[in-house]
2 protein chains.
Amino acid sequence: MRELANGGLEHLSLNWATVREKWDLAETIEGCARHGISGIAPWREPVHALGLEEAGRRIRDAGLRVSGYCRAGLFPAADEAGLRAAIDDTRRAIDEAATLGAECLVILGGGMPPGSRDLIGAREQARDGVAAVLPHARDRGMPLALEPLHPMYAADRCCISTLRQANDLCDELDPAGEGGLGVAIDVYHVFRDPELDREVARAGAAGRILAFHVCDWLVPTRDLLLDRGMMGDGVIDIPRIRGLVEAAGYDGLIEVEIFSRLDWWRRDPDEVIRVIAERYRSVV
Amino acid sequence: MRELANGGLEHLSLNWATVREKWDLAETIEGCARHGISGIAPWREPVHALGLEEAGRRIRDAGLRVSGYCRAGLFPAADEAGLRAAIDDTRRAIDEAATLGAECLVILGGGMPPGSRDLIGAREQARDGVAAVLPHARDRGMPLALEPLHPMYAADRCCISTLRQANDLCDELDPAGEGGLGVAIDVYHVFRDPELDREVARAGAAGRILAFHVCDWLVPTRDLLLDRGMMGDGVIDIPRIRGLVEAAGYDGLIEVEIFSRLDWWRRDPDEVIRVIAERYRSVV
């Protein structure tokens with residue numbers, strides 16, 4: 001397991017959404033560089049706002065790695081046209097991620113389309129969507145990171161809720177291990193998974209852990225989406241999970257992604273980053 | 001699959017918590033009888049308030065079955081004394097359930113004790129707790145129904161989050177199939193489980209489905225605990241899951257359990273029950 005306590009921030013990446021209410025992408029790039037953070041995870045909206053080429057240039061000039069590009073997928077749709085549109089959009093996201101030099105593109109499965117109660121059908125569409133974009137991702141050299149989200153988002157955001165589902169999908173779509181497809185592991189989504197240890201090891205053995213995200217689970221959690229906690233403020237045993245992930249071979253960036261409408265989004269991002277750096281060294 | 005559309009309410013049971021803000025237990029017993037509902041699921045607090053013997057007498061006089069008694073378990077504790085207290089309390093709950101003539105006692109795993117980040121340890125305590133009370137449950141002829149709760153409650157309410165965990169625990173503690181131990185399946189907690197079909201069949205094959213609960217998952221869900229929906233108002237394919245459960249051999253009561261601070265708890269319980277009866281016939 002890597003030593004974080006006494007070193008620099010060479011394994012730390014900041015997901016833009018952590019400071020989204022105060023900083024645009026240009027400010028976030030500058031902030032990461034100013035604090036000595038090594039990576040950034042931009043979202044598509046602020047990239048488009050700044051301009052794709054400009055965003056890539058600024059990230060490179062700041063010497064930042066891109067731990068992941070957020071986000072695409074969201075395939076399930078009410079009709080074939082909707083699914084095709086999601087596939088086309090994900091192909092564009094692959095191109096954007098390549099331009100930015102991202103280490104992976106984060107793929108969410110998507111939820112059920114409005115009015116649907118067919119979760120199994122949604123999962124089939126998610127599989128079909130990933131299958132449809134995988135060749136383009138390989139052409140562009142852009143790995144797709146399937147991110148299982150917490151089961152509380154299964155209905156409306158991501159029908160892929162467990163690491164086992166994501167691993168199964170990787171096996172199904174990449175049976176020969178050609179690559180270009182893997183998983184993103186976020187402690188918030190997986191800490192409660194009774195199959196976690198086995199499935200992390202399984203993903204690692206296949207060389208498929210493409211990203212590792214941290215934040216914390218607060219008790220009580222006041223909002224299903226926007227009440228994530230700062231590392232150390234909740235109940236997740238983050239070092240244990242990081243240990244599993246690193247024992248499985250992951251040596252990439254540790255990305256901090258905190259959606260916190262009631263707390264961290266209201267604070268000065270420079271303060272937020274100082275706390276992140278302190279917690280990164282002490283409780284991650 | 002049983003026909004519900006044109007019959008009476010002979011398979012319907014009402015969990016007291018559905019009307020808890022307006023009716024005490026005596027009123028709920030009268031209400032169930034008045035509306036032709038066949039069963040009731042009382043909680044311990046209102047039973048204690050009415051008096052155990054009196055509650056049992058009124059339920060019997062009303063001709064109601066008791067689909068389950070809520071609830072006990074909640075074993076994980078900060079120390080041995082806490083675990084012993086939870087075990088003792090669960091033994092008392094077994095006695096109470098027997099006095100009420102309940103068809104099962106609902107057992108929750110419990111969450112991590114305050115300050116703990118040891119979810120694996122909590123699961124071990126839950127296992128030890130169930131093991132400790134199982135002989136007494138068998139002596140009293142009171143089946144224990146392990147109810148896996150949605151993973152969003154794993155930290156603070158129930159470390160048993162999946163039907164697979166509950167089935168595994170049954171296999172571990174009752175390897176010879178002596179009985180007295182099974183599962184409660186609530187659509188709210190399990191609808192999103194990718195292993196649902198297999199694990200329902202597994203529980204049924206072992207004769208371990210002791211209870212079936214319905215409500216609905218709302219999109220959006222505004223509160224992690226108290227925003228359950230009325231059947232038909234959300235995204236759960238309830239008939240599909242009831243089909244799985246009944247195909248697995250379950251022929252017991254269908255219990256409605258809705259925690260709804262923002263909606264149903266505010267309404268006249270007679271109206272709530274009329275809607276339940278209508279939805280029971282049309283969307284369950």
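Biologist: Which helix supplies the largest share of the lining of the largest pocket?
Modeller: That is helix 5 of chain B, with six residues, where a helix is a DSSP run of H or I at least four residues long, numbered from the N terminus. This is a predicted model, in which local features need pLDDT of at least 70 and side-chain atom pairs pLDDT 80 or more, while totals for chains, interfaces and linings use all residues. Residues are numbered from 1 along each chain, chains are lettered from A and ligands numbered from 1 in the order written, and side-chain values use heavy atoms, without hydrogens or water.

Biologist: What makes a residue part of the lining of the largest pocket?
Modeller: A lining residue has an atom within 4 Å of a pocket point, the pocket being an open set on a 1 Å grid over the protein atoms alone, with protein on both sides within 12 Å along at least five of seven lines. There are 27 such residues, and A:Pro194, B:Leu119, B:Ile120, B:Arg123 and B:Gln165 are the closest to the centre. Helices 8 and 9 of chain A and helices 5 and 6 of chain B each supply at least two of the lining residues.

Biologist: Why is helix 6 of chain B called roughly parallel to helix 8 of chain B?
Modeller: Their packing angle is about 30 degrees, with the axes 9 Å apart, and angles run from 0 to 180 degrees between N-to-C directions of lines fitted to C-alpha atoms over the stretch in contact. Angles under 35 degrees count as roughly parallel, so the pair qualifies. Among the residues making the contact (heavy atoms within 4.5 Å) are B:Asp168 of helix 6 and B:Arg202 of helix 8.

How values were computed: Angles under 35 degrees count as roughly parallel, over 145 as roughly antiparallel, 65 to 115 as roughly perpendicular and the rest as oblique. On a 1 Å grid over the protein atoms alone, a cavity is a set of points where a 1.4 Å probe fits but cannot get out, and a pocket is an open set with protein on both sides within 12 Å along at least five of seven lines; lining residues have an atom within 4 Å of a point.
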